[in-house]
Amino acid sequence: MEINRVAQVSPLLSAQKIASDVNVATVKLANDQIGAQGAAALALIQAIPQADSRLGSHIDVRV
């Protein structure tokens with residue numbers, strides 16, 4: 001194998017490794033964001049007051 005050929009391939013492999021590392025980091029951040037949004041949605045759902053017998057039992061529909 002020629003030394004020149006190795007010297008040309010080395011930067012390409014390095015760039016590919018860096019791109020792969022960036023992709024992994026992006027996926028991790030996206031997963032963290034999805035988890036945070038899920039936790040926030042669950043907190044909002046749990047903050048809704050529970051229905052009792054008098055709340056929502058009377059519906060007026062007038063046309």
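Asp21 sits at 39% relative accessibility in this predicted model, so the residue counts as partly exposed, falling between the 20% and 50% cut-offs. Its partner, Lys17, comes out at 52% relative accessibility and therefore counts as exposed, the cut-off being over 50%. The two pair up in a salt bridge, with the closest N and O atoms 3.1 Å apart. That separation fits the criterion used here, a Lys or Arg side-chain nitrogen within 4 Å of an Asp or Glu carboxyl oxygen. Side chains of opposite charge can pair when their charged atoms come close.

Both Asp21 and Lys17 belong to helix α1, which runs over residues 3–47. Four residues separate them, or about one turn of the helix. As for the rest of the structure, this salt bridge is the one it holds.

Zooming out, the chain's secondary structure amounts to one helix and zero strands. Of the 63 residues in the chain, 0% are buried. The accessible surface adds up to about 6200 Å², and carbon and sulfur atoms account for 63% of that.

Conventions
Residues are numbered from 1 along each chain as its sequence is written. This is a predicted model: local features need pLDDT of at least 70, side-chain atom pairs count only at pLDDT 80 or more; totals for chains, interfaces and linings use all residues. Side-chain values use heavy atoms; hydrogens and water are left out. Helices (H or I, at least four residues) and strands (E, at least two) are DSSP runs, numbered from the N terminus. Buried means under 20% relative accessible area, exposed over 50%, partly exposed in between (1.4 Å probe, protein chains only). Accessible areas come from the Shrake-Rupley method with a 1.4 Å probe; for residues, only the protein chains shown count as cover.
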